[in-house]
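Visitor: I have a protein chain open on my screen and some short questions about it. Can we go through them one by one?
Guide: Go ahead.

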Amino acid sequence: MAVTDKERKLAATLSDPVLWGQAYLYNRDGSGRDYWPHQVEDLRCPAKNIIHLDGRDVGKSIVLSTDALHYAFTTRGGQGLIAAPHQGHLDTIIEEIEFQLDTNPDLMNSIALTKYGKPKIHRKPYFRLEFTNGSVLYFRPAGAYGDAFRSLHVGRVWVDEGAWLTERAWKALRQCLKAGGTLRIYSTPNGLRDTTYYRLTSSDQFHVFRWPSWLNPLWTEDREAELLEFYGGRDSSGWQHEVAGEHGKPSYGAFNVEQFNLCRQDLLEYQKIVITDSEMRDCDTEEAAHDRLEMLLNLTPRSGQFWVGGDLGYTNDPTEIVVFQELEIGERTLLKMILRVHLEHVSYPHIAQIIALLERYYTPAGIGVDNGGNGLAVVQELLTLDKYKGLELEGRLKGYDFGGMTRLAVRDGKEVKKRTKELMTSLINGALQRKQLIFPSDDLEVEDQFTTHTYTLRDGKIIYSKGNDHIIDAVRCAMLIREEGNLDPVGEEVVSLKPVLTNPVFI
């Protein structure tokens with residue numbers, strides 16, 4: 001029987017992930033999916049092992065989701081694993097895939113049905129898709145040890161943000177890939193040298209793609225100037241990793257990941273609250289804004305000792321405010337995170353109102369905020385305006401210059417100082433080592449930030465990575481305001497502080 005042109009075209013479409021994606025997938029504005037030249041090169045690459053060094057905004061999530069869906073749609077009985085360090089990374093890919101399923105009926109019809117007629121889209125304990133042709137796509141977070149990988153045996157693996165997988169997770173991942181299977185690793189490099197990801201980027205067994213951010217057709221000179229200013233120039237590790245997609249200068253983990261994971265617990269009382277400018281736009285008066293914020297926070301008065309830390313970004317940057325409760329358990333002192341307030345595009349007068357509300361409900365022993373961004377304006381407003389005088393925040397509210405120095409003690413008439421940001425970080429590391437800090441296990445953003453924060457060394461100085469650190473900076477401020485009560489500003493005692501607990505690997 002002769003093959004028709006329509007059948008030939010269909011066969012060509014099904015065999016080519018680029019043509020298939022253009023035929024079946026859509027952009028968020030409803031237009032048909034099209035691919036940039038560097039994405040086409042990846043999707044059509046025949047290599048069994050592929051690894052990426054990518055800057056941000058180059059479309060790697062689009063490529064990964066396209067290849068995974070094409071594989072499942074066209075491979076009878078195929079089994080594939082989409083892996084990432086944390087659930088938060090997976091959620092971005094899952095959201096894209098669910099959008100495509102909702103947009104294209106043909107794609108949704110390829111999902112198998114249960115005996116009750118429901119699509120076989122499983123969400124617990126992990127996301128999983130089953131297709132009518134017998135293919136299955138598994139989505140698993142690696143966590144610290146890769147436990148979620150151990151029960152799988154698949155023919156294809158896609159790894160997102162592979163630079164952040166732990167060594168134990170890599171071992172578990174390799175064991176679940178069948179012999180002769182395909183491995184595709186996507187990531188922004190982080191500068192860490194003692195990792196499987198770094199070694200694989202130099203392996204003869206892998207085809208290496210390097211996608212700097214300027215491959216994005218929407219890249220402009222204004223965007224370049226903005227990022228150069230943010231990261232501190234082309235020689236900065238942030239520019240090299242996040243924009244140029246290069247290993248750049250050697251980097252080291254700012255926090256011990258295993259110690260951090262031991263400090264995560266299920267906290268029933270923990271609250272995460274998100275407030276955006278859209279929820280405040282119709283508040284015409286100060287009283288209306290106050291009432292709206294109080295409703296959104298939905299707090300109840302608490303007794304005990306509390307510490308508040310805040311990273312108060314500019315209006316276009318997120319603001320993070322954290323509250324810790326200090327507890328005495330036997331002879332141990334614990335600091336438990338009970339609240340995180342995430343603000344987007346919220347102006348500094350409203351941020352000041354939020355801190356005033358936290359004072360009303362918790363009466364914290366100390367409130368520390370950064371002096372950058374909106375911090376200085378918020379501190380001045382809370383300490384000088386008559387409406388906040390009754391809070392009596394003088395001495396309890398302090399703004400910190402992360403680039404400055406903090407006096408630890410006076411010895412032989414000379415001040416003993418330490419760089420403020422390094423001091424804050426060492427306080428967190430010491431508390432993690434002593435298992436004194438307790439973080440909520442279900443707040444994936446806290447996990448993401450603490451496990452991916454790095455530093456580089458420049459002229460003997462520590463330079464911390466920028467961007468994904470707003471929660472960390474809020475915790476830094478809370479830890480320093482608490483510690484300041486132990487720092488004797490006039491005595492002769494030298495304060496002993498834990499060093500930054502990292503595992504630098506010098507090459």
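Visitor: How many salt bridges are there between domain 1 and domain 2?
Guide: The count between domain 1 and domain 2 is zero. Keep in mind that this is a predicted model.

Visitor: And how many residue pairs are in polar contact across that interface?
Guide: Four residue pairs are found in polar contact across the interface of domain 1 and domain 2.

Visitor: Which elements give two or more residues to the side of domain 1 that touches domain 2?
Guide: Those are α5, residues 87–103, and α9, residues 221–231. Of the elements, α5 gives the most, with four residues.

Visitor: What classes of residue are on that side of domain 1?
Guide: The side of domain 1 that touches domain 2 has six nonpolar, seven polar and four charged residues.

Visitor: Back up a bit. Where do the two domains start and end?
Guide: The domain assignment puts domain 1 at 13–249 and domain 2 at 257–486. In the contact, 17 residues come from domain 1 and 12 residues from domain 2.

Visitor: What separates their centres, in Å?
Guide: The centres of domain 1 and domain 2, taken over C-alpha atoms, are 34 Å apart.

Visitor: How much area is buried between them?
Guide: About 1,200 Å² is buried between domain 1 and domain 2, and carbon and sulfur atoms give 60% of that. On the domain 1 side, His86, Trp164 and Phe230 supply 39% of the area buried against domain 2, more than any other three residues.

Visitor: Why give an area for an interface at all?
Guide: The size of an interface is often given as the accessible area lost when the parts come together.

Visitor: New topic, sheets. In what order do the strands of the three-strand sheet come?
Guide: The order is β9-β20-β21, in an open sheet with antiparallel pairing. β9 (252–253) and β21 (461–464) are at the edges with a single partner strand each, so one side of each has no neighbour in the sheet.

Visitor: How many bridges pair β20 with β21?
Guide: Four bridges pair β21 with β20, which covers residues 454–458. As for single residues, Leu457 has Ile462 in β21 as its bridge partner.

Visitor: What about the sheet with eight strands: what is its order?
Guide: That open sheet runs β3-β4-β5-β2-β6-β7-β1-β8, with mixed pairing. Its edge strands are β3 (121–122) and β8 (207–211), each pairing on one side only.

Visitor: How do β3 and β4 run, and how many bridges join them?
Guide: β3 and β4 (residues 128–130) run antiparallel and are joined by two bridges. Ile121 has Leu129 in β4 as its bridge partner.

Technical notes: Residues numbered from 1 in each chain as written. Predicted model: local features only at pLDDT ≥ 70, side-chain atom pairs only at ≥ 80, totals over all residues. Heavy atoms only, no water. Domains from an automatic or database assignment. Contact = heavy atoms within 4.5 Å. Buried area = accessible area lost by both parts, 1.4 Å probe. Salt bridge = Lys/Arg side-chain N within 4 Å of Asp/Glu carboxyl O. Polar contact = N/O pair within 3.5 Å; in protein donor to acceptor, adjacent residues only side chain to side chain. Nonpolar A, V, L, I, M, F, W, Y, C, P; charged D, E, K, R; others polar. Pairing = 2+ DSSP bridges.
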